[in-house]
Amino acid sequence: MIQVENLVKKYGNHTAVDQLSFTVEKGQIYGFLGPNGAGKSTTMNIITGYIAASSGTVSINGYDILKEPVKAKKCIGYLPEVPPLYSDMTVREYLAFVAELKKIPRKERKEHLEEIIDRIQLGDVADRLIRNLSKGYKQRVGLAQALIGYPEIIILDEPMVGLDPKQIIEMRDLIKGLAKEHTVILSSHILSEVSAVCDHIMIISKGKLVASGSPEQLQEMMQGGSELEVTVMGDEAQAEAVLKEMELIESYTFEQAEESNCVRIRIVSKENLDIRRELSVALSGAQLPILSMNRREKTLEDIFLELTDTQEEEIQEEAAKADDDSDAVDSDAQAGQEAGQSEEDAHDTVDAEKEETDNDSDL
C-alpha cells in the first residue's frame, strides 16, 4: 500500500531522514519507533504530502505523493501530533466542516458523521465546544477527522502523548479496532504502547531504519545467546572450573551475591540454547548447590536501546574518521606550504649569492 524508497530530507547541513526505504502492507498496524529527533515526524509529513523530500519517492496505492497528490491523499487519514482543531466550533460542526473539505456528498454526510461519532465514542460531547474538551477527547476528535471518508490508510503521529493511563487504554482499543478495516501506521517513542498495539515494528535512529519486523522477530533477531542469572553456594574458583568445561557456554561474568559464601553468575549460552538442565547437573556434580536460576529474555526496550546506541556509536565513529581525514589533509597542506616556503627561501639565497658574485666581478 505504501512504498518508500531512498527517502532523504535535509535542512541545511542537517540530515533528518537518511536513505530511508520500507514497505507497508495492507491490514496491519505498523509501529514507527524511535527516540525524539530520530526523524519519525519528518517521515510522516513526507508520506502525507505536508512537506517535500530532498530526494527519494513515496508511493501510496501506486500514486506518487508529489506527482499525483490528490489521488494519493484520498487514501490517507492523518492525525498529527497536535490535532488540527478549531476550538470555537463544536465537535459536530468541526467534523461537518472536515467532511465538506473532503467532499463527502451532502446526502451521505449526516449519516457518515453519525457513524464516526458513534465509533469513536464522541456522542456525549458532540455538541460541546472543542476548547472545553479534555486532552483525551481532543485526541478522539482528531482521530475522528482522520477517519472521515474512510481512507484505507490511517497515519497517527504520537497519538498517546499527554494522555492519562485511562485515556491511553481507550486510545489503544480504538486503534486496535481500526485495524479491522484500515492499515494503520503509528509513530511513537513509547515502547510499551508500540509493543501492545502493533503487528510490525520499524525502529528508526538518526534518520535511518535500523530494524524492521514483528516484536517476536526483533526479539529473536537480537537475542543472541540466552542469558541465565545463577546464584550458587561456593566460590568463584570452584564455579569457574565447572563453567570452563561446558562447551555450550558463550561467556560468563561473576557478581557479588547478597548471601554469604555464595556467588552470582551471569551466563550467556551459544545460539540461544537452553542449557539449564546441563548446567544444573554440572554444578550439582561439583558440590555447588544452586540457590536460584533465572532465564532472562531481551525486552523490546533492551532491543531499542541496543539498536539506537549502536547507531549513535557508528555515527560518532564516522564523524571522528572524517575529522581525522580532515586533519590529515590540513597536515599535508601545511607540509606542502612549508616545503614551498623552504624552496622559496633557497631561491632567495641563490639570488643573493649571485648578486654578490656580480658585484665582486664589477670591482
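Two strands are taken to pair if DSSP finds at least two bridges between them. On that basis the structure, which is a predicted model, contains an open sheet formed by 4 strands in the order β2-β1-β4-β5, with antiparallel pairing. The edges of this sheet are occupied by β2, residues 14–24, and β5, residues 63–64; each has a single partner strand, so one side of each is left without a neighbour in the sheet.

The pairings within the sheet can be followed from one edge to the other. Strand β1, which covers residues 2–11, is joined to β2 in the antiparallel sense over 7 bridges, and in this pairing Tyr11 is found opposite His14 of β2. The pairing of β1 with β4 is likewise described as antiparallel and comprises 5 bridges, with Val4 standing opposite Val58 of β4. Between β4 and β5 there are 2 bridges, again in the antiparallel sense, and Ile60 has Tyr63 of β5 as its bridge partner. These two strands, β4 and β5, form a hairpin in which 2 residues lie between them, and Asn61 in the turn has a positive phi of about 50 degrees. Helix α1, made up of residues 40–47, lies across β1, β2 and β4, the last of these spanning residues 55–60, and the helix runs at about 120 degrees to β1.

Beyond the sheet, the packing of helices was examined. Two packed helices are described by the angle between their axes and the distance between the axes. For α3 and α5 the angle is about 25 degrees and the axes are 9 Å apart; because angles under 35 degrees count as roughly parallel, α3 is classed as roughly parallel to α5. The crossing of α3 and α5 is right-handed, and in it Val91, Tyr94, Leu95 and Val98 of α3 meet Val141, Ala144 and Gln145 of α5.

Helix α5 also packs against α6, their axes coming within 10 Å and crossing at roughly 10 degrees, which makes α5 roughly parallel to α6. On the α5 side this contact is made by Gly136, Gln139, Arg140, Leu143 and Leu147, and on the α6 side by Gln167, Glu170, Met171, Leu174 and Leu178. The crossing of α5 and α6 is right-handed.

Salt bridges are the other feature considered here, and the structure holds 13 of them. One of these is formed by the side chains of Arg92 and Asp127, with an N to O distance of 3.1 Å. The pair links distant parts of the chain, given that Arg92 belongs to helix α3, residues 91–101, whereas Asp127 belongs to the loop between α4, residues 106–119, and α5, residues 135–147, and the two are 35 residues apart. Arg92 is partly exposed, its relative accessible area being 28%, while Asp127 counts as exposed at 58% relative accessibility.

A salt bridge is also formed between Glu181 and Arg119, whose closest N and O atoms are 3.5 Å apart. Since Glu181 is situated in the loop between α6, residues 165–178, and β8, residues 183–188, and Arg119 in helix α4, the pair ties together parts that are 62 residues apart in sequence. In terms of accessibility, Glu181 is exposed, with a relative accessible area of 56%, and Arg119 counts as partly exposed at 24%.

In a further salt bridge the side chains of Arg266 and Glu227 meet at 3.1 Å, N to O. Here both residues lie in strands, Arg266 in β13, residues 262–269, and Glu227 in β11, residues 227–233, so the pair ties together parts that are 39 residues apart in sequence. Both are partly exposed, the relative accessible area being 26% for Arg266 and 21% for Glu227. Salt bridges that share partners join these two residues with Glu229 and Glu255, so that Glu227, Glu229, Glu255 and Arg266 belong to one network.

How values were computed. Residues are numbered from 1 along each chain as its sequence is written. This is a predicted model: local features need pLDDT of at least 70, side-chain atom pairs count only at pLDDT 80 or more; totals for chains, interfaces and linings use all residues. Side-chain values use heavy atoms; hydrogens and water are left out. Contact means heavy atoms within 4.5 Å. Axes are lines fitted to C-alpha atoms, for helices over the stretch in contact, and angles run from 0 to 180 degrees between N-to-C directions. A salt bridge is a side-chain nitrogen of Lys or Arg within 4 Å of a carboxyl oxygen of Asp or Glu. Buried means under 20% relative accessible area, exposed over 50%, partly exposed in between (1.4 Å probe, protein chains only). Angles under 35 degrees count as roughly parallel, over 145 as roughly antiparallel, 65 to 115 as roughly perpendicular and the rest as oblique. A crossing is left-handed if the near helix is turned anticlockwise from the far one by less than a right angle, and right-handed if clockwise.
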